[in-house]
Amino acid sequence: MMAGLRLLRFTNGLKNGNKWSSYESCSWPRSRVFMSSSLSLSLSLSLSSKVGRITASEASEVEVEVEVEVEDKNKETLMSFFNSEDNSALISASLVGILTGFSVVLFNNLVHELRDFFWDGIPYRGASWLREQPLESSWQRIIFVPVFGGFLVSMLNALRDSLDSPSRGVIVPKVKAVLQQFLKSLAACVTLGTGNSLGPEGPSVEIGASIAKGVGTLFGRDAKTRVPLVAAGSAAGIASGFNAAVAGCFFAVESVLWPSPDSAASLTNTTSMVILSAVIASVLSEVGLGAEPAFKVPDYDFRSLTELPLYLLLGILCGVVSLGLTRCTTFMMNTVEDIQNEGLVPKAIFPITGGLAVGLMALAYPEILYWGFQNVDILLESRPFVKGLSADLLFQLVGIKIIATSVCRASGLVGGYYAPSLFIGAATGMAYGKFIAFAVAQSHPTFQISFLEVASPQAYGLVGMAATLAGVCQVPLTSVLLLFELTQDYRIVIPLLGAVGMSSWITSSTVKRGVAGGSKKSKANAQTSKMYNQNASSPRVTITSSSDNICEIESSSCYDDSEELERNIFVSQAMRTSFATVVRGTLLVDAVTLMLAEKQFYALIVDEDNYLTGMLSLGDILKFSKSEQARKFKAEELSVAELCCLKTDKCGVTWTASPDMDIRSAETMMVRHGLSQLPVVDNPQGSRGRPVGVVDMDCIKLAFSAVATKENLKGKFS
């Protein structure tokens with residue numbers, strides 16, 4: 001390629017009856033190329049500066065050649081623009097904002113349509129209209145609508161769990177992940193549309209994060225830009241859910257960027273991505289859902305800084321209430337998990353039971369039903385023609401809402417904790433404000449506090465919302481900015497900071513950020529420990545944690561890419577290739593010797609053609625040796641065949657893995673069927689095949705940690 005372009009000017013003429021064209025040329029930089037058909041200009045990269053004559057046909061040939069060169073150059077320039085890392089990142093963030101904004105608008109509209117279909121109430125009055133209805137005419141709807149919602153969610157959860165079946169290759173797991181997120185969002189729509197006590201903001205954030213992961217895969221993002229892109233998606237989810245772009249940006253910082261050790265992108269580039277995505281999603285939310293804020297801000301006032309200690313006390317109270325919500329949720333989740341592990345109740349029953357519990361509680365307290373933020377407006381007394389609630393009823397609603405939300409979350413219903421936290425905070429703040437107003441007005445002569453200038457209960461309600469949200473979800477800056485952005489009043493900042501700071505301080509020591517999806521991993525580890533201890537015939541020690549994992553209570557508050565990473569790690573990378581094999585004629589004594597030599601609790605049983613036929617564990621041999629059947633034989637006569645004949649359920653193999661299966665699928669299979677290890681067979685036909693390895697939970701944890709460390713090193717030093 002030459003450094004410049006030649007501009008040729010042609011002048012048509014006639015000489016000796018033949019057409020001719022004279023031309024002259026001069027050099028131009030590549031960045032200044034102009035074409036004009038009226039002047040018959042043509043470009044060439046190969047002609048030198050000279051004056052001469054060529055035929056018109058030759059001139060046309062030169063024109064064709066130049067057009068191709070200019071077109072190639074335009075393509076090259078365009079490709080260089082898209083290949084630029086910064087430009088590509090901003091384009092990805094913009095696409096995430098557009099898709100998230102559109103998806104959240106669609107999600108919320110579907111929730112509203114389902115709510116109107118099932119309840120047919122007056123929207124601006126929230127669920128309070130049910131309190132005014134005769135119980136004889138409304139109790140069937142109040143009970144059975146949440147129950148029906150639980151039934152639909154149970155079916156959607158079963159369909160989503162069916163997609164956890166083992167997958168081979170790369171494309172199929174990614175398609176399954178998309179379908180699982182779609183089904184989860186649909187389950188959230190049903191949960192909220194039927195009034196169960198959860199919220200839409202958590203699913204909105206998960207929608208944004210899932211879209212960000214998909215766009216990152218589409219654009220081939222590496223570890224440097226994967227976390228910022230997910231942060232952009234999370235910001236878009238909050239921004240479109242609350243119509244609050246600033247709060248969305250700070251949420252991305254607190255929940256994704258700060259806790260993540262994997263973000264190696266520049267701060268400027270990351271900030272640009274987050275802001276751009278949040279703004280685009282917020283604009284689309286305004287177009288699709290309206291420009292009104294998420295809830296109607298009531299008239300309120302702040303009298304003086306002398307009442308700041310009252311807001312600090314409110315922060316302490318909200319911190320205690322937040323602890324009550326997280327502890328109750330953790331207790332409910334552990335109880336349901338224990339029941340499931342014991343196999344006493346089918347998993348599909350729990351969402352229906354959760355809907356039934358909500359319906360029964362709503363008979364006396366209909367405000368606990370999800371009704372958008374209209375119920376929050378009722379608590380704040382910001383809706384016209386709606387009677388306010390008394391302080392004692394508000395305190396009762398706090399306790400009932402905590403129980404209802406915990407039951408919904410533990411039972412498998414799908415939704416977030418932001419809306420319930422705001423509801424509980426509003427009820428706590430309004431009840432506290434009314435109590436303070438009453439105490440000031442009715443102060444005893446010996447203890448005069450009437451000199452205090454106390455704000456309206458609505459002011460305490462607004463501050464209580466932010467303090468409880470910060471305590472439950474551990475996002476103090478987001479809570480402050482959210483209320484400030486919705487109220488657009490600087491006077492609220494000082495009380496907000498005081499109350500939010502106290503609430504966060506109280507909960508920070510007990511509410512921790514663990515790993516999203518940790519419950520499943522803990523369950524897997526517990527199952528593995530149980531199996532190993534059974535094999536070793538030793539007592540099992542259970543260790544419990546005194547802290548609550550916010551990532552289990554509200555998964556959208558944490559960023560975890562372990563699932564995506566697990567789907568990119570294959571069993572061939574994790575399996576043990578050294579293992580003990582026996583045949584049916586092998587003596588049990590020799591089988592134990594082989595297990596000891598391989599330092600493993602198990603041995604694979606193969607036939608003469610080296611095809612897998614079963615698996616034998618050390619615990620199986622120990623139990624068999626103590627049985628009545630074993631006492632009929634001498635130790636030298638006991639073989640694998642005798643054990644398998646007398647204990648047919650101990651030698652069979654129903655589940656196997658293949659080398660090209662991802663470890664996520666293998667882990668799911670082991671947890672679901674209570675297995676401590678999986679034989680890995682080549683070219684499996686059912687459970688048959690030649691064994692090439694064995695994979696267990698220790699292998700999976702080691703492979704995951706090694707690959708995660710490798711990815712982190714690449715992101716840090718590349």
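Which residues is Ser322 in contact with, leaving aside its neighbours within four places in sequence? The points below take up this question and then turn to other parts of the structure, which is a predicted model.

1. **The surroundings of Ser322.** Ser322 belongs to helix H10, which covers residues 308-342. Leaving aside neighbours within four places in sequence, Ser322 is in contact with Ala467, Thr468, Gly471, Val472, Ser503 and Thr507. Ser322 counts as buried because its relative accessibility is 0%, and the cut-off for buried is under 20%.

2. **Polar contacts of Ser322.** The side chain of Ser322 has two backbone oxygens to consider. A polar atom of this side chain lies 2.7 Å from the backbone oxygen of Cys318. The side chain of Ser322 also reaches the backbone oxygen of Thr468, at 3.4 Å. Thr468 appears again among the residues in contact with Ser322.

3. **Cysteines.** A disulfide is a covalent bond between the sulfur atoms of two cysteines. In this model the count comes to 0 disulfides. Cys408 is buried, since its relative accessibility is 0%. Cys473 is likewise buried, with a relative accessibility of 0%.

4. **Two residues with positive phi.** Most residues other than glycine have a negative phi. Asn243 is not a glycine, yet its phi is positive, at about 55 degrees. Asn243 sits in the loop between helix H7 (223-242) and helix H8 (245-257). With a relative accessible area of 14%, Asn243 is buried. Gln474 also has a positive phi, near 55 degrees, and is a residue other than glycine. The loop that holds Gln474 runs between helix H15 (457-473) and helix H16 (476-487). Gln474 is buried, its relative accessible area being 16%.

5. **The nonpolar cores.** In soluble globular proteins, nonpolar side chains tend to be buried together. The largest nonpolar core of this model has 106 residues, and those that touch the most other members are Phe242, Tyr311, Ile368, Leu379, Tyr460 and Leu482. Helix H14 (residues 418-441) provides the largest share of this core, with 12 residues. Another core lies apart from it and has 19 residues, among them Val571, Val680, Met697 and Ile700.

6. **Tyr460 within the largest core.** What does Tyr460 touch, not counting residues up to four places away in sequence? Its partners are Glu307, Leu310, Tyr311, Leu314, Gly429, Tyr432, Gly433, Val454 and Ala455. Tyr311 is thus listed both as a partner of Tyr460 and as one of the core residues that touch the most other members.

7. **Cavities.** How many cavities of 30 Å³ or more does the structure hold? There are 2 of them, and the largest has a volume of about 80 Å³. Its lining is made up of 13 residues, of which Tyr370, Gly372, Lys401, Ala419 and Phe423 lie nearest its centre. Helix H12 (374-380) and H14 are the elements that give two or more residues to this lining. H14 gives the most, with 3 residues.

8. **Helix H25.** Is helix H25 (residues 663-673) mostly covered or mostly uncovered? H25 is mostly covered, as 9 of its 11 residues are buried. The buried residues are Ile663, Arg664, Ser665, Ala666, Glu667, Thr668, Met669, Met670 and Val671. After H25 comes Gly674, whose phi is positive, near 65 degrees.

Definitions and conventions
Residues numbered from 1 in each chain as written. Predicted model: local features only at pLDDT ≥ 70, side-chain atom pairs only at ≥ 80, totals over all residues. Heavy atoms only, no water. Disulfide = S-S within 2.5 Å. Buried < 20%, exposed > 50% of the residue type's maximum accessible area, 1.4 Å probe, protein only. Helix = DSSP H or I, 4+ residues; strand = E, 2+ residues; numbered from the N terminus. Polar contact = N/O pair within 3.5 Å; in protein donor to acceptor, adjacent residues only side chain to side chain. Contact = heavy atoms within 4.5 Å. Core = buried A, V, L, I, M, F, W, Y, C linked by side-chain atoms within 4.5 Å. 1 Å grid on protein atoms, 1.4 Å probe; cavity = no way out; pocket = protein on both sides within 12 Å on 5 of 7 lines; lining within 4 Å. Points joined across faces, edges and corners; volume = space filled by probe spheres on them.
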